[in-house]
Amino acid sequence: PERLEQSRQMILQNPMLKGMMGSMPGMEEILNSPEMWREAMQAAANMYKNMDKDDLMNAMMGGAQAGGLDGLFGPGSEGSSGLAALDELSEGED
């Protein structure tokens with residue numbers, strides 16, 4: 001949870017990142033709410049964890065074209081290659 005908030009704050013403090021992410025449908029509202037941010041990032045982590053290996057690789061390499069985060073932030077939003085960050089979301093879960 002602490003790293004999730006740190007990443008949100010990093011984005012909010014970087015005008016270029018904030019503008020880029022804020023331009024995605026629904027993302028500005030998510031960025032401005034710590035609770036919504038945490039829920040969205042956990043949902044993204046779960047989505048990636050539930051993918052089979054081939055789908056995961058396609059999503060990491062192709063973003064929205066291969067499924068990416070479409071539907072999580074709105075049509076046309078792109079995924080990112082953050083497997084290490086996804087592991088952080090599952091800390092404490094066994």
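Leaving aside its neighbours within four places in sequence, which residues is L31 in contact with? Hold that thought while we get our bearings. What you have here is a predicted model, so treat everything below as a reading of that model.

Start with the overall layout. The protein chain has six helices and zero strands, and reading along the sequence you get the pattern α-α-α-α-α-α. Of the 94 residues in the chain, 30% are buried. The accessible surface comes to about 6200 Å², and carbon and sulfur atoms account for 53% of that. As for how the chain folds back on itself, look at the contacts with a separation of 6 or more: 44% of them join residues 24 or more positions apart.

Now back to L31. Once the neighbours within four places are set aside, L31 is in contact with R8, I11, L12, K18, M21, G22 and W37. Several of those names come back in the largest nonpolar core, which has nine residues: L4, I11, M21, M27, I30, L31, W37, A40 and M41. Helices α1 (2-13), α3 and α4 each supply at least two residues of this core. There's a general trend to keep in mind here: in soluble globular proteins, nonpolar side chains tend to be buried together.

Let's take the helices one by one, beginning with α1. This helix has 12 residues and reaches 16 Å from its first C-alpha to its last, close to the 16 Å expected at 1.5 Å a residue. Its buried residues are L4, R8 and I11. They sit on the same side of α1, because they cover an arc of only 60° around the axis. Spin round to the other side of α1 and you find E2, R3 and Q13 exposed. Note that R8 is one of the buried residues of α1, and R8 also turns up among the contacts of L31.

Next, α4. With 16 residues, α4 reaches 22 Å from its first C-alpha to its last, close to the 22 Å expected at 1.5 Å a residue. The buried residues here are W37, A40, M41, A44, A45 and Y48. Their arc around the axis is only 135°, so they lie on the same side of α4. Three of these names, W37, A40 and M41, are also in the list for the largest nonpolar core.

What leads into α4? S33 lies in the loop between α3 (27-31) and α4 (34-49). Is S33 buried or exposed? S33 has a relative accessible area of 14%, and so counts as buried, the cut-off being under 20%. The side chain of S33 reaches the backbone nitrogen of M36 at 3.1 Å. M36 itself is in helix α4, and at 29% relative accessibility M36 counts as partly exposed. Not counting residues up to four places away in sequence, M36 touches E29 and I30. Of that pair, I30 belongs to the largest nonpolar core.

One last stop is helix α5 (residues 53-62), where you'll find A59. With just 1% relative accessibility, A59 counts as buried. Y48, one of the buried residues of α4, is 11 residues away from A59 in sequence, and the two are 8.5 Å apart in space, C-alpha to C-alpha.

How values were computed
Residues numbered from 1 in each chain as written. Predicted model: local features only at pLDDT ≥ 70, side-chain atom pairs only at ≥ 80, totals over all residues. Heavy atoms only, no water. Helix = DSSP H or I, 4+ residues; strand = E, 2+ residues; numbered from the N terminus. Buried < 20%, exposed > 50% of the residue type's maximum accessible area, 1.4 Å probe, protein only. Polar contact = N/O pair within 3.5 Å; in protein donor to acceptor, adjacent residues only side chain to side chain. Contact = heavy atoms within 4.5 Å. Core = buried A, V, L, I, M, F, W, Y, C linked by side-chain atoms within 4.5 Å. Areas by Shrake-Rupley, 256 points an atom, 1.4 Å probe, with all protein chains shown as cover. Expected span 1.5 Å × (residues − 1). Arc of directions from axis to C-beta.
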